[in-house]
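Got your viewer open and ready? Let's take a short walk through this one, stop by stop.

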Amino acid sequence: MTDAQETAADSSLRTTGGAPPDDGGSSVTGAPSGVPAPEPTPLLEPREGIPPVIADEESLARVIAAFDAGSGPVAVDAERASGYRYGQRAYLVQLRRQGAGTALIDPVACPDLSGLGEVLADAEWVLHAATQDLPCLREIGMIPSRIFDTELAGRLAGFPRVGLGPMVENVLGFVLEKGHSAVDWSTRPLPEPWLRYAALDVELLVDLRDALEKELDRQGKLEWARQEFDAIASAPPPEPRKEPWRRTSGMHKVRRRRQLGVVRELWETRDRIAQRRDVSPGKVLSDAAIVEAALGLPANVHALSALSGFGHRMGRRQLEQWQAAVDRAKALTESQLPQPGQSVTGPPPPRAWADKDPVAAARLSAARAGVSALAERLNMPQENLITPDTVRRVCWEPPKPVDPDSVSAALASHGARPWQIDQVTPVLVAALSA
């Protein structure tokens, strides 16, 4: 009996109510077309109750042994403290595997989980939105060799809503309580309702994986999904972002180089303070305040305090540190100031194509229309069929001659998977030849 079947059989975990799934006629729900799906069942408690949080090496060793002895895929999730703490480290790791049950691990108390990662190295890891969790899992020694991403599977299968809650409800018929997704997971001790929520997040993840695998197979997309999962699992860690200060919200208002220098100085000062205090940079100073100071170029602390974001709640000492950053930017020579545009490789923004190269603009328009139509026929988002950046690059500098082999090679050089190349090549050949 699967987790879902056991849960359905346990009346203590169910209540009435809830909305019907979005796709009541989908094969994954088991309801025939035209027949209303049954009311979803709220999932209230983990089957074995809320497990204790693992926070010492002895308890961790027992969990490692249990999961080593378990079988089948392992459901994995991680909770971060985005918006509260500096960086994206994990503050709770949840796992579930047949024969091992559910484990909740505190990676602050147990920062090295490489031993657990090793015993699970040959298992398939089931994650929801894997690219969000894999970086923080990698930091604590948990690196999968094989994954199944239930969010990505939902996208490829054409589900309109691919959050974990909607997917569990529409595919399995259970309602997950999602009220604690944005809490401060660095809190210690973690409140019991949060732990219940965390345990339930992995309760039915393997069941969801199994149902989605069947649906993808039914649609002829299972091999496509496997190629996508392999690409995620084998991807190297991303390179550190160059000039991250340029991503400050509201940067489009900042045009002069001196103002850009103020943004950079304030951003870097804020980042150092946030890292030292281990708090989210936005809690130190908002992006909006940084942009206000850049546009206003205040002459002194008094002028700075009059700007939005530097109000009466900010102390004199804080104001002085921000004014010092503004003054440093003002003192930079012309050669030290940042350039207005961030250096980018590849084609220019599409809005500039019509002026720079009208023929390329026509190619891009035809390619976009063809990809859009194909994505609609395949019932999946365009960006999962092929990335917009790949389409732009191939259209800006098309291969010569334009034929299926050259276009396939161009797509492969930009990282497209074999299934994407097979599907998209005919569309791009037609667009590039028009």
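Start by selecting residues 71-80, which make up strand β3. This strand is mostly covered, with seven of its ten residues buried. Keep in mind as you look around that you're viewing a predicted model.

Now bring in the neighbours of β3. Add residues 90-98, strand β4: eight bridges join β3 to β4, and the two run antiparallel. Then add residues 124-127, strand β6, which is joined to β3 by two bridges and runs parallel with it.

Want a single residue that shows both pairings? Click on V74. Which residue stands opposite V74 in β4? That's R97. Look towards β6 instead, and the bridge partner of V74 is W125. While you have side chains switched on, here's a handy thing to know: in a regular strand they alternate between the two faces of the sheet.

Next, select R89 and Y91. The charged end of R89 sits over the ring of Y91, 5.0 Å from the ring's centre.

On to the aromatic rings. How many aromatic pairs does the count come to? Five. Show F148 and F229 for one pair: their ring centres are 4.7 Å apart and their planes meet at 50°, so this pair is tilted. The angle falls between the cut-offs, since planes under 30 degrees apart would count as stacked and over 60 as edge-to-face.

Zoom out a little with those two still highlighted. F148 belongs to strand β7 (residues 146-149) and F229 to helix α9 (residues 222-234), so the pair links distant parts of the chain, 81 residues apart. Are these two buried or exposed? F148 is buried, with a relative accessible area of 3%, and F229 counts as buried at 3% too; the cut-off for buried is under 20%.

For another aromatic stop, select W185, W194 and Y197. These residues form one aromatic cluster.

Finally, clear your selections and take in the whole chain. Colour by secondary structure and you have 20 helices and eight strands to explore. The C-alpha atoms fill a box of roughly 70 × 60 × 40 Å along the principal axes. Of the 434 residues, 47% count as buried. Turn on a surface and you're looking at about 21,200 Å² of exposed area, 51% of it supplied by carbon and sulfur atoms. One last thing to trace: among contacts between residues at least 6 apart in sequence, 66% join residues at least 24 apart.

Methods: Residues numbered from 1 in each chain as written. Predicted model: local features only at pLDDT ≥ 70, side-chain atom pairs only at ≥ 80, totals over all residues. Heavy atoms only, no water. Phe/Tyr/Trp six-rings, centres within 6.5 Å; stacked < 30°, edge-to-face > 60°. Helix = DSSP H or I, 4+ residues; strand = E, 2+ residues; numbered from the N terminus. Buried < 20%, exposed > 50% of the residue type's maximum accessible area, 1.4 Å probe, protein only. Lys NZ or Arg CZ within 6 Å of the ring centre and 35° of its normal. Pairing = 2+ DSSP bridges. Contact = heavy atoms within 4.5 Å. Areas by Shrake-Rupley, 256 points an atom, 1.4 Å probe, with all protein chains shown as cover.
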